[in-house]
Structures are given as C-alpha cells and as structure tokens.
Amino acid sequence: MALEKLIHDSLTKFVHSYIPDADLSVIDEVILSYITGVLEELGSPDSSEENFDVEMFVEMMEAYIPGFAKISRLETCYLTRRGEELTACTHLNAGCSVELSSA
C-alpha cells in the first residue's frame, strides 16, 4: 500500500474519531502531499520536533477540515508522532501496522 494511501486512511480514522461528521472528500492531492511532506520531514533523522510549527499545521488542516482546530494540540502532536513512525516504517519497507488514529 502506498504511503499516501496509508496516511489518507489513518488520517480519516483520526479525524472521524474527533469529528464524526467531517467531510473528508475535500482531502485532495494537494493537502495529502502537504501532510505526507510534513510527516516525512518529521520522520527524517535531520528533523527536530522543536522546529515543527503545530499551529501552522492546525491552521492548514482547519482550512480543509472545519473543526480540526478543536482537536487538542496534544492529540495533533500525537498524530504527527504516529506519522513519523508510519513514514519511517514505510521507508524501511517493513510490514507496517502503525496507524495515525489514537482511537
């Protein structure tokens, strides 16, 4: 399964666990590419979590998914940490069972 598909499926579960009626049909290639890029960057050995701007990430997500900003910053950080694991696992070509969802 492609990384983007894993991220999309996991993001869907994550968002629906907090916003059950969220319309995720708006997640197009642009936003999915953005999310994938953020997660890959966070998962890189050269990345520093301190440099991650969670407010900017939430603002971008809120533009596509109304209500996303209501998800606590702690849960959003959890999402990005799980995403780091997901991208690392995928790049290692391992059988990956990591999901972004906390539920």
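What pattern does the protein follow when read along the sequence? The answer is α-α-α-α. This is a predicted model, and it has four helices and zero strands.

**The overall picture**

Let's start with the whole chain. Of the 103 residues in the protein, 40% are buried. The protein exposes about 5,900 Å², with carbon and sulfur atoms supplying 53% of that area. If you take the contacts with a separation of 6 or more, 62% of them are between residues 24 or more positions apart.

**The core and helix α2**

Now for the inside. The largest nonpolar core has 25 residues, and those with the most contacts inside it are Val15, Ile35, Phe57, Met61, Ile65 and Phe68. Three elements each give two or more residues to this core: α1 (3–18), α2 (29–43) and α3 (54–64). Which of them gives the largest share? That would be α2, with seven residues.

Helix α2 is worth a closer look. Its buried residues are Ile31, Leu32, Tyr34, Ile35, Thr36, Val38, Leu39 and Leu42. At the N-terminal end of α2, Asp28 acts as a cap, with a side-chain oxygen 3.1 Å from the backbone nitrogen of Val30. The length of α2 can be checked too: at 1.5 Å a residue, its 15 residues should span 21 Å, and the end C-alpha atoms are 20 Å apart, so the two values agree.

**Aromatic rings**

On to the rings. The count comes to four aromatic pairs. Two of them share Phe57, as the table shows.

| Pair | Centre to centre | Angle between planes | Kind |
|---|---|---|---|
| Tyr34 and Phe57 | 6.1 Å | 25° | stacked |
| Phe57 and Phe68 | 6.3 Å | 75° | edge-to-face |

The stacked pair links distant parts of the chain, since Tyr34 sits in helix α2 and Phe57 in helix α3, 23 residues apart. Both Tyr34 and Phe57 are buried. In the edge-to-face pair, Phe57 lies in helix α3 while Phe68 lies in the loop between α3 and α4 (73–91), so this pair ties together parts that are 11 residues apart in sequence. Phe57 and Phe68 are both buried as well. Ring pairs join Phe14, Tyr18, Tyr34, Phe57 and Phe68 into a cluster.

What does Phe68 touch, not counting residues up to four places away in sequence? The list is Phe14, Val15, Ile19, Phe57, Val58, Met61, Glu62, Thr76 and Leu79. Phe68 is also among the residues with the most contacts inside the core.

**Two partly exposed residues**

Finally, here are two residues that aren't buried. His8 is placed in helix α1. Is His8 buried or partly exposed? At 24% relative accessibility, His8 counts as partly exposed, because buried means under 20%. Leaving aside neighbours within four places in sequence, His8 is in contact with Ile27 and Leu32. The C-alpha atoms of His8 and Ile27 are separated by 8.2 Å, and these two residues are 19 residues apart along the chain. Leu32, the other partner, is one of the buried residues in α2.

Glu40 has its place in helix α2, and at 32% relative accessibility it counts as partly exposed. The C-alpha atoms of Glu40 and Glu85 are separated by 9.4 Å, with the two residues 45 residues apart along the chain.

How values were computed:
Residues numbered from 1 in each chain as written. Predicted model: local features only at pLDDT ≥ 70, side-chain atom pairs only at ≥ 80, totals over all residues. Heavy atoms only, no water. Buried < 20%, exposed > 50% of the residue type's maximum accessible area, 1.4 Å probe, protein only. Contact = heavy atoms within 4.5 Å. Areas by Shrake-Rupley, 256 points an atom, 1.4 Å probe, with all protein chains shown as cover. Core = buried A, V, L, I, M, F, W, Y, C linked by side-chain atoms within 4.5 Å. Expected span 1.5 Å × (residues − 1). Polar contact = N/O pair within 3.5 Å; in protein donor to acceptor, adjacent residues only side chain to side chain. Phe/Tyr/Trp six-rings, centres within 6.5 Å; stacked < 30°, edge-to-face > 60°.
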